[in-house]
Amino acid sequence: MKRWFCGFSAIDDHSLATLPKPLDGEMLWEGSKPFWVCGTWGKQQIITIFEGPVRLAIVGTCLAPYKTLVELFQNAVRNKDYSQLMRSPGSYNLIVQDETDTYIFVDVAGLKPVFYTKYESSIVYSSLGVPLQQLIKAEVDPCWLANSLSGLTAPNLVQNRSPFRNIQTVPSGHYLQISSGQPTCKKYWNAPQEYISFSDAAEQLHEQLLTAVEGRVRLYGNVTSDLSGGFDSTSLALIAAKDLAKRGHNLHTITIKGTSSTESEDVKWAKHAASLYPNISSIMIDSHEYPAELSNLESIPLTDAPDPSVFSLGLINYSMGVVKSKGSKLHMSGEGGDPVLGSHPSYLADLVRRMQVRTFVQHIYGLSRVNDLSPIALMNSAVKLSITSYRQWLLQQARKLLTGRSHQPLRSKQPLSTVIGWHYTLNPATWYTKSFVDLVVTELQKWAAVATPLDNSPGEHSSIDLIQGTGFTSLIQQQLAAIYDVNLEFPYFDSLVIDACLSAKPEERTTPFAYKPLLSKALERDLPKSIFTRTTKGDYTGGEFVGLQQNLPMIKEFFQTSFLADMGLIDIREFRNYIQQLSMGLATGSFHFNQTLAIELWLRRVVDAKNSFWEHSTLNHFTEVLRTH
């Protein structure tokens, strides 16, 4: 977590002298509402514009020309509507300070989060949550932990919860307005309200994706890219290579060589893609060159929140070292392509609501064949969801938890018929306790009373939720990459790319009869036709099992004690039994195992954090607080 920003909104100038100062911070403006950027930002990543007393900072990757931004800002000041500035291409935060108020904008995917809390007589906000936790000596929030264990990571939970008590988050697609010392979150983004034709949506995606990739190439100069062999990263790499070739520059790509059949298929397609452009310098990383998954858990660094992506730290360390050795100013990943380019399976319920019977039946039978499911079960799930409101669905999940009917045999991959819902159907692990259930049920009931869906249709709500949930995982990957001074970005998560995809009907974005049809249509004029012939996707779950086998003694030793058990959220004996069964191949359900292990690791890192983010350390080691829960 080497790059972050923070700001204070104090009542008056006199309180400025008492405010803490962030370490390694550069103050962009001062007064009673100072703003800092901290750490190793590139010069391309900080844009400031002043218009009279109104000050603007854009932090991140904004691809609009500076002159255009000045004109947009001047117009925004006149209309006092700063949200229009979030319509520029790229991925960034927007911070505006006018004569009275402060505005801090969060992107649609949640890759640029904002946390805020009260500190003495000020409101302090930050792009990281851990510095605020240190500042106010906040305890972890057991409700947030329980929700995370269950998979309830939707961004619009009651009170905009963060992992820490008394620290809140700004939801994706919202902005924080601080006025007279009072913070308020307001929504500025909505999904496209009307669908356009498939060809028009593909043309919009074509324009925005090329802008996202080529704009980054030109802004940063020396870029690198993943080239997994999958359609998403291959498209990004070839767009970048094509643009770099115009200036006589090469593109270094990274491909991970695995041992399973699907991973070998990925490597074959990656080699084919790399051969299409002579300026692609392909780097193949063999699995024996880096530690297996779940290795060196004791050295996993502190991140802003728990996520299983930390289990691949050995691979991240090695691959980011390769990227850095090439002098890369930015590394692009195809992460986000799946949720952004496609639709959540709950779109079947949308077809029922729109009375598109023929398309509904065609997709039911197509998906049942592709996923080896009963078409009747799939049809029943979709029809039931079509007549279930968001509030009703949340209360149904609460009742299932209370009665224990949500417990099912754990699977590594849930059947599609149980995935169809406003969110993924809750299916808690056997080692989760009654205290865990009580916390989640209470949260669901509170949420049901006030929450509104991200979209009125179950399919589009679930698609947006999946985009933002994947954005959360990608954010943690960014923080891990930053440890190695690598700027990792995900062009598919740019807000304008997301808008282009969501403008197409969900049954046209996802169909059992074509693989990623929107991307194929968008890039048919730009890329060689041979890359569109692949219709499969790699599976990397084999690496998890190998890593578990190699690191089983260490993991068993690791769980001789547990903060989660001390907090009453898991039964440590049940979890140990599960680990043993999993290592013997007698159990599946890696999601719950990964969530439990990731959260336990994160709690230990928070407790043992050695680094401070402030000049006068307010670091709080709250080990005893955790142990007494």
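**Reading strands, helices and loops**

Student: Which residue in S16 is the bridge partner of valine 223?

Tutor: Valine 223 is paired there with leucine 330. Keep in mind as we go that this is a predicted model.

Student: What makes S13 and S16 a pair, and in which sense do they run?

Tutor: Two strands count as a pair when at least two bridges are found between them. Strand S13 (residues 223-226) and S16 have three bridges, in the parallel sense, so by the cut-off of at least two they are a pair.

Student: How do you know that S13 and S14 pair?

Tutor: By the same kind of check: three bridges join S13 to S14, and the two run parallel. Aspartate 226 sits opposite isoleucine 254 of S14.

Student: And how many bridges join S14 to S15?

Tutor: Seven bridges link strand S14 (residues 251-257) with S15, again running parallel. Here isoleucine 256 faces isoleucine 285 in S15. Put into the whole sheet, the order is S15-S14-S13-S16-S17, an open sheet of five strands with parallel pairing.

Student: What makes S15 and S17 edge strands?

Tutor: Strand S15 (280-286) and strand S17 (488-489) each pair on one side only.

Student: Back to leucine 330. Why is leucine 330 called buried or exposed?

Tutor: The value to look at is the relative accessible area, which for leucine 330 is 0%. Buried means under 20%, so leucine 330 is buried.

Student: Which residues does leucine 330 touch, leaving aside those up to four places away in sequence?

Tutor: Leucine 330, which lies in strand S16 (residues 330-332), touches Arg216, Tyr220, Asn222, Val223, Thr224, Asn487 and Glu489. You can also see how sequence and space differ with glycine 221: it is 109 residues from leucine 330 along the chain, yet the C-alpha to C-alpha distance is 8.5 Å.

Student: Let's try the other sheet. What is the order of its six strands, and is the pairing parallel or antiparallel?

Tutor: The order is S4-S5-S6-S7-S11-S12, an open sheet with antiparallel pairing. Strand S4 (46-51) and strand S12 (182-187) each have a single partner strand, so one side of each is left without a neighbour in the sheet, and they stand at the edges. On average, neighbouring strands of this sheet are turned by 15° against each other, direction ignored.

Student: What makes S7 and S11 a pair?

Tutor: Five bridges join strand S7 (residues 101-105) to strand S11 (residues 174-179), in the antiparallel sense. With at least two needed, they are therefore a pair. One of the matches is tyrosine 103 with glutamine 177 in S11.

Student: Which strands does helix H1 lie across?

Tutor: Helix H1 (residues 66-79) crosses S4 and strand S5 (54-62), at about 45° to S4. Helix H4 (residues 198-220) lies across S5 and strand S6 (90-97), at about 105° to S5.

Student: How do you know where the buried residues of H11 fall around the helix axis?

Tutor: In H11, Leu378, Ser381, Ala382, Leu385 and Ser386 are buried. Viewed down the axis of H11, these buried residues fall within an arc of 135°, so they line one face of the helix. As for its span, helix H11 (residues 375-386) has 12 residues and reaches 16 Å from first C-alpha to last, close to the expected 16 Å.

Student: What covers the buried residues of H12?

Tutor: The cover includes H11, helix H14 (434-450) and helix H15 (458-483). The buried residues themselves are Tyr390, Trp393, Leu394, Leu395, Gln397, Ala398 and Leu401. Glycine 404 follows H12, with a positive phi near 80°.

Student: Why is aspartate 24 called exposed or buried?

Tutor: Aspartate 24 has a relative accessible area of 59%; exposed means over 50%, so aspartate 24 is exposed. Its place is the loop between strand S1 (3-9) and strand S2 (25-29), and its phi is positive, about 55°, although it is not a glycine.

Student: And what does asparagine 296 count as, given its relative accessibility?

Tutor: At 39%, asparagine 296 lies between the 20% and 50% cut-offs, so it counts as partly exposed. Asparagine 296 is in the loop between S15 and helix H7 (313-325), and also has a positive phi, near 55°.

Student: Where does the pLDDT stay under 50?

Tutor: One such stretch is residues 408-412, with 16 contacts beyond four places in sequence. Residues 617-629 are also below 50, with 31 contacts beyond near neighbours in sequence. For the protein, the average pLDDT is 89, and 91% of the residues score at least 70.

Terms used
Residues are numbered from 1 along each chain as its sequence is written. This is a predicted model: local features need pLDDT of at least 70, side-chain atom pairs count only at pLDDT 80 or more; totals for chains, interfaces and linings use all residues. Side-chain values use heavy atoms; hydrogens and water are left out. Helices (H or I, at least four residues) and strands (E, at least two) are DSSP runs, numbered from the N terminus. Axes are lines fitted to C-alpha atoms, for helices over the stretch in contact, and angles run from 0 to 180 degrees between N-to-C directions. Contact means heavy atoms within 4.5 Å. The expected span of a helix is 1.5 Å times one less than its number of residues. Buried means under 20% relative accessible area, exposed over 50%, partly exposed in between (1.4 Å probe, protein chains only). The arc is that of the directions from the helix axis to the C-beta atoms. pLDDT is the predictor's confidence in each residue, from 0 to 100.
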